Amino acid sequence: MYKIVEKVDLSENVVKMILEAPAIARKRKAGQFIVLLTDEKGERIPLTIVDSDAEKGTITIIFQVVGKTTAAMAAMNVGDFFSDVQGPLGNPTEIKNIGTAVCIGGGVGVGVVYPLAAALKQAGNRVISIIGARTKDMLILEDEMQRVSDRLIVATDDGSYGVHGFVSTVLQNLIDAGEKIDEVFAIGPVPMMKVIANMTRPYGIKTVVSLNPIMVDATGMCGACRVAVGGKTRFACVDGPEFDGHQVDFDLLTSRLRMYCEQEGIANEKHRCGWNGN
Amino acid sequence: METDVTTDRKEKKEKIPRQPMPEQPPVERVRNFAEVPLGYTEAAAILEARRCIQCKKPGCIAGCPVEVQIPAFIRLIAEGRFVEAARKLKEDNSLPAVCGRVCPQEDQCEKSCILGKKGEPVAIGRLERFAADDERQKGEIFIPATAASNGKRVAVVGSGPSGLTIAGDLIKLGYGVTVFEALHKAGGVLVYGIPEFRLPKAIVEAEVAYLEKLGVRIERNAVIGRLKTVDDLFAEGYGAVYLAVGAGAPVFMNIPGENLSGIYSANEYLTRSNLMKAYRFPEYDTPIVRGKKVAVIGGGNVAMDSVRTALRLGAEEATIVYRRTELEMPARKEEVHHAQEEGVRFELLTAPLEYLGDEQGWVTGMRCQRMELGEPDASGRRSPVPIPGSEFVLAADTVVVAVGTTANPIVPATTPGLETNRRGYIAVKGEDGETTRPGVWAGGDIVTGSATVILAMGAGKQAARAIHAFLSKA
C-alpha cells in the first residue's frame with residue numbers, strides 16, 4: 001500500500017500528488033516512470049516520476065483527469081492509499097553536457113519535461129525551456145521550470161499569458177533568431193511532438209521525445225506499448241520511453257492510442273475518450 | 001517389473017475402468033469463464049485410487065519432476081483419508097491443486113504408470129487435484145512445522161512455479177526467503193497466462209497464501225534490475241539468489257502490418273483477461289477488444305488458451321492459424337480437443353504473410369499462404385514449405401500472435417558476471433542451475449526457454465538442494 005502524503009490541484013483538471021514509496025525514491029532517475037493501481041479492480045496506468053525525495057522516501061506524480069481511473073485518483077485524498085505502485089520503470093534519460101538544451105513541455109507534459117530540465121541543468125547545460133498550455137489557468141509548474149532554466153518562455157494557445165501561440169511557434173522563433181541549439185527535448189501531446197520533430201529535422205537538431213503509448217505490464221512482457229522507430233518495432237516501456245523524434249512513426253502511435261476509445265467511453269460516460277489527441 | 005505382477009495376482013484386483021472426469025458441456029462453457037473439468041466426487045476418487053496396484057518400484061515417481069510419493073498419496077485416497085493424502089502430496093509439491101490441473105501427465109507420471117502398458121494409466125493428475133481441492137474446500141489447510149531459522153536468507157526473483165517451489169522447499173529447511181515479483185500479484189504464468197477456465201485464480205491465490213503462511217515473504221511490484229539489482233540483493237545480506245524470471249518477452253513474426261490496432265501478443269491478450277480480469281469489464285477497469293472474427297496464430301497451449309478466451313469474450317468465429325498439421329501441434333491433446341468441442345476453426349498448414357488494415361489503422365484480415373510438409377530436417381521434424389500460388393485472405397477484426405516467447409533481458413543486462421547463451425537465456429553449469437555468477441542459481445523458462453509448469457518446478461527443487469548445500473558450507 002502506498003500512501004498519499006500531499007495533494008495539490010495545479011489547475012482545474014491537473015493534480016499533483018506526493019506518494020510514500022521509499023524504495024522507488026532511492027533508485028529513480030530522470031526520465032523514468034511508475035505504473036500504479038488504485039485498487040483490486042483498477043487498471044494499471046503509467047505515470048512519469050516528476051520528482052523524488054530519497055530522504056523522505058517520497059515520489060511526486062502529476063496527472064490530468066482524462067478518464068475513469070484519473071477521475072478516481074483525483075477523488076482520493078491525503079492519507080488514502082494506492083494498492084500498487086511499481087517502478088522505477090523505463091530507461092533513465094541520457095544526461096550529458098551537450099551545451100544548450102531546449103526543453104519543451106506542453107500541457108501536462110510539463111510535468112514530464114521538468115525532471116529532465118532539472119537534470120540537464122545540474123549537468124552543466126544551458127537550459128532554455130518553452131512551456132505551453134491552452135490557456136493561462138491550465139499552465140503548470142511555471143516557478144519550478146523557472147528555477148531549473150537559464151531562460152523560460154511561456155506560450156498560451158489563446159494568448160491569455162506569455163507568447164500568443166504554440167510552443168512550436170516559440171521554437172521556430174528561436175531557430176529563426178539564430179539561437180545556438182544543441183539538442184531539443186520535446187514532451188507533450190502527440191501532435192505537438194510530431195510538429196516539433198518535423199520542425200527540427202531540416203536543421204539537423206537532435207530531438208528527443210518521450211512517448212506515451214498504452215501500457216499494461218510495463219516490464220517488456222506484452223508489447224501493448226509497441227512503437228515503430230526507424231522502421232523497427234520497439235517496446236516503449238523497456239526500450240524507451242524516450243526515442244529519437246526524427247525516427248518515430250507518430251501516426252501509428254496516434255492510431256494505436258485510439259484502440260480503446262469505445263471501452264473508455266463505457267468505463268466513464270463523463271469522458272467520451274480518455275485520449276483526446278491534443 | 002516382476003514384483004508388480006505378483007502384487008497384482010495376490011490382491012486379485014477387480015477390473016475398474018479409469019474414472020472419467022465430469023465436464024461442463026461445450027455449449028454452456030463457451031459462454032462462461034468457469035472451470036471446464038468439474039473434478040472427481042469422493043466415490044469416483046476412491047474408485048480411481050483403487051486402480052493403483054501400489055508397485056514396489058513405481059515408475060510414476062521417477063516420471064514426476066518433483067518426485068511426489070504417488071502410490072502413498074493414492075493409497076490414502078483409496079482408504080478415504082483425503083486430508084492426509086493432501087499432506088503427503090505437499091511434502092514434495094507446494095502447488096498440488098495447480099499441478100493436478102495443468103501438468104501434461106500423459107508425458108510425465110502417467111506415461112510411466114504400469115497400467116498404461118495394457119490399458120489406461122491411473123489418473124494421477126485427477127487424484128492429485130481431488131486431494132488438494134478437498135483439503136482447501138474443507139478449510140483444513142495444515143501448516144507443517146518448518147526447521148528452526150538458520151539465520152540465512154535467500155532471494156528468489158520471480159514468483160512463477162519455479163520461484164514458488166524453491167521458496168517452499170527452502171523455508172522448510174529454515175531459510176529466510178523473500179520472493180521478488182515484478183507484477184502486483186504473485187504466481188507468474190499461473191495468474192497472467194493460464195485462463196480461469198483451466199486454472200481458477202482463487203486456487204493460485206490459496207496456494208500462494210499457503211506459502212506465505214509457511215513464512216515466505218513476497219515483495220510485489222518489485223522489478224529486479226530496476227528497483228534493485230542482484231548486486232543490491234547481496235549487499236542487503238542475501239546469501240544466495242535464485243533467478244526464475246521466466247521467458248516472458250513476446251515474439252512477433254516481423255511481417256508487415258503487425259502493429260495495426262486489434263493485433264495482440266498472446267501475453268497481452270491473456271494478461272488483460274486473466275490478471276486484469278478484463279473479461280469482467282467494466283466491473284474491472286481494464287478493457288479488452290471483443291472481436292467478432294478472431295484469428296490466433298500458433299499451435300501451442302498458449303494459442304489454445306487465447307482462442308478459447310476469444311470465444312468466451314463473444315467471438316462469432318475463432319480460428320487457429322498454424323503452419324503445420326494437428327499432429328505436430330505442441331499443445332496438449334486435451335486442450336486441442338476442448339477447443340474443437342467448443343467450435344474453434346482450424347486453418348492448418350497455413351501461415352500469415354501480411355496483415356491488412358482499414359483507414360483507421362485497425363486490422364481487417366491477413367494475407368495467408370498454404371503450406372505442405374517437406375522432408376524431415378536434422379531434428380526429425382518436417383518443416384513447412386510454402387505452396388506457390390496458394391495465397392488467400394482470411395478476414396479478422398482481432399488477431400492474437402501466439403508464436404512463442406523469449407528471454408526478457410532486464411535481469412541479465414543488470415547482473416555483472418552472469419553469462420547468457422546466444423538466445424539470451426541464462427547459461428547454467430549443470431542440472432542444479434548454478435550460473436557463472438557465484439551465489440546465483442537460475443531455473444525454469446529463463447534457462448530452458450518456454451517449457452512446462454512442472455519442469456520449472458523441478459528446476460526449483462534441484463536448485464533448492466544446491467543452494468542448501470552451498471549455504472551449509474558457508
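## Two helices, two chains

In this predicted model, let's start inside chain A, where A:V190, A:M193, A:K194 and A:A197 of α6(A) touch A:F250, A:D251, A:L253, A:T254 and A:L257 of α8(A). Sorted by class, the residues of this contact are six nonpolar, one polar and two charged.

How do the two helices lie relative to each other? Two packed helices are described by the angle between their axes and the distance between the axes. Here, the axes of α6 (residues 190-200) and α8 of chain A come within 10 Å and cross at roughly 180°. Angles over 145 degrees count as roughly antiparallel, so α6(A) and α8(A) are roughly antiparallel to each other.

Now for the place where the chains meet. On one side, 43 residues of chain A are in contact with 42 residues of chain B. How much area is buried between chain A and chain B? The size of an interface is often given as the accessible area lost when the parts come together. For this pair of chains that area is about 3,600 Å², with carbon and sulfur atoms giving 54% of it. On the chain A side, A:K41, A:M221 and A:R226 lose the most area to chain B, and together they make up 19% of what that side buries.

What holds polar atoms of the two chains in touch? The interface has 22 residue pairs in polar contact, counting pairs where both residues are at pLDDT 80 or more. Seven elements of chain A each give two or more residues to the side touching chain B, among them α1 (22-27), α2 (68-74) and our helix α8 (250-257). The largest share, six residues, comes from β8(A). By class, this side of chain A has 20 nonpolar, 13 polar and 10 charged residues.

Salt bridges turn up here too: the interface of chain A and chain B has four, while a search of the whole structure finds 50 over all chains. Here are two salt bridges, one between the chains and one within chain B:

| Salt bridge | N to O distance |
|---|---|
| A:K27 and B:D232 | 2.6 Å |
| B:K461 and B:D169 | 3.6 Å |

Where does the second pair sit? B:K461 is in helix α18 (residues 453-473) of chain B and B:D169 is in helix α9 (residues 161-172) of chain B, so this salt bridge ties together parts that are 292 residues apart in sequence.

Note on methods. Residues numbered from 1 in each chain as written. Chains lettered and ligands numbered in written order. Predicted model: local features only at pLDDT ≥ 70, side-chain atom pairs only at ≥ 80, totals over all residues. Heavy atoms only, no water. Contact = heavy atoms within 4.5 Å. Buried area = accessible area lost by both parts, 1.4 Å probe. Salt bridge = Lys/Arg side-chain N within 4 Å of Asp/Glu carboxyl O. Polar contact = N/O pair within 3.5 Å; in protein donor to acceptor, adjacent residues only side chain to side chain. Helix = DSSP H or I, 4+ residues; strand = E, 2+ residues; numbered from the N terminus. Nonpolar A, V, L, I, M, F, W, Y, C, P; charged D, E, K, R; others polar. Axes fitted to C-alpha atoms, helices over the stretch in contact; angles between N-to-C directions. Parallel < 35°, antiparallel > 145°, perpendicular 65-115°, else oblique.
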